[in-house]
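Here's a quick tour for anyone who likes to poke at coordinates. Have the viewer open and follow along.

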Amino acid sequence: MKHTDEETLAMMALGEETDPAASLHLYECDHCRREYDSLRRIVTVMRAPGPVEHEPLLPSDDVWNSIAAELQVPDRAVPLPASDGTTGSTRRTGPGALRRTKRFPVVLAACAALLGAASGSALTWWLTRPDAPVERVVADGRQLDSLRANSAGYAHLKSDTGERSLEITVKGLPPTAGYFEVWLMDRTHTKLVSMGVLGPDGHAVLPVPATIDLNEYSVVDVSLQAYNGKPDHSGDSIVRGLYDG
Ligand SMILES: [Zn+2]
């Protein structure tokens, strides 16, 4: 018995697919019906009015892998582990790739809707940009100057809760055995103060002490630092520029 493919199940769960054979198959096949039921729950939660509890209502691994392959989502951007060892990257270049591509817009919309309910607006934004390059990821704030060709940084000062914090995201960090440190500088790059380090995902929200004059320290900088016990700026900057906010 040939199982209904994951995209068709996703379409059916969204009410977009009316293939009678696929519908009939659901009555005969426990496996596909379970997949369908889990997708239906996601759709139901997604469409429920009012605030929604963010329960981990997510597609099964198979469905997710299919979606990831369809969208060529890079593994690092995939928040769901694939427990069966089948990953988006291994499925990405299968013989079905061309066939799948023809249905890309429809599946894209469906998956954005499905995943938007489960994973938040950032992923939806990412998924609904079909022209997005693989490395493109959501980031808040003003774009900083890239001092490394493949790196892009964004920084934003938040003060919504009365306490100031600097939110910074750097994509395309070079591989390193060291770490990435965030600095505030004056415009001449001669006075600087360390704010903290980037997380392994290239993101950090760092508290900014009220005693720092941000009119003076108006530049943010991210440096690659070695674990050598020296607290000074290494001189090896990845991104630098004015933050917004
Ligand atoms: Zn089946």
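Why does Asp-221 count as buried or exposed, whichever of the two applies?

## Asp-221 and its surroundings

One thing to keep in mind: this is a predicted model. Asp-221 has a relative accessibility of 0%, so it counts as buried, given that the cut-off for buried is under 20% relative accessible area. You'll find Asp-221 in strand β8, which runs over residues 219-225.

What does the Asp-221 side chain pair up with in a polar contact? That would be the side chain of Ser-237, at 2.7 Å. Leaving out residues up to four places away in sequence, Asp-221 also touches Glu-181, Val-182, Trp-183 and Met-185, plus His-233, Val-239 and Arg-240.

## The zinc site

Now hop over to the zinc ion. Its protein donors are ND1 of His-3, NE2 of His-25, and the SG atoms of Cys-29 and Cys-32, sitting 2.0 to 2.3 Å from the metal. Along the sequence, the donor residues follow the spacing H-x21-H-x3-C-x2-C.

As for geometry, the four donor atoms subtend angles of 98 to 130 degrees around the zinc ion, so the arrangement is tetrahedral. Two of the donor residues, His-25 and Cys-29, are buried.

## The whole chain

Zooming out, the chain has eight helices and nine strands. Of its 245 residues, 38% are buried. The exposed area comes to about 13500 Å², with carbon and sulfur atoms supplying 54% of that.

Contact-wise, take the pairs of residues at least 6 apart in sequence: 56% of those contacts join residues at least 24 apart.

Notes:
Residues are numbered from 1 along each chain as its sequence is written. This is a predicted model: local features need pLDDT of at least 70, side-chain atom pairs count only at pLDDT 80 or more; totals for chains, interfaces and linings use all residues. Side-chain values use heavy atoms; hydrogens and water are left out. Helices (H or I, at least four residues) and strands (E, at least two) are DSSP runs, numbered from the N terminus. Buried means under 20% relative accessible area, exposed over 50%, partly exposed in between (1.4 Å probe, protein chains only). A polar contact is a pair of N or O atoms within 3.5 Å; within protein, one must be able to donate a hydrogen and the other to accept it, and residues adjacent in sequence count only if both atoms are side-chain atoms. Contact means heavy atoms within 4.5 Å. Accessible areas come from the Shrake-Rupley method with a 1.4 Å probe; for residues, only the protein chains shown count as cover. Donors are N, O and S atoms within 2.8 Å of the metal (3.2 Å for Na, K and Ca); water is not among the atoms, so sites may look incomplete. Four donors count as tetrahedral if all angles lie between 85 and 135 degrees; four count as square planar and six as octahedral if opposite donors are over 155 degrees apart and all others between 65 and 115; anything else is irregular.
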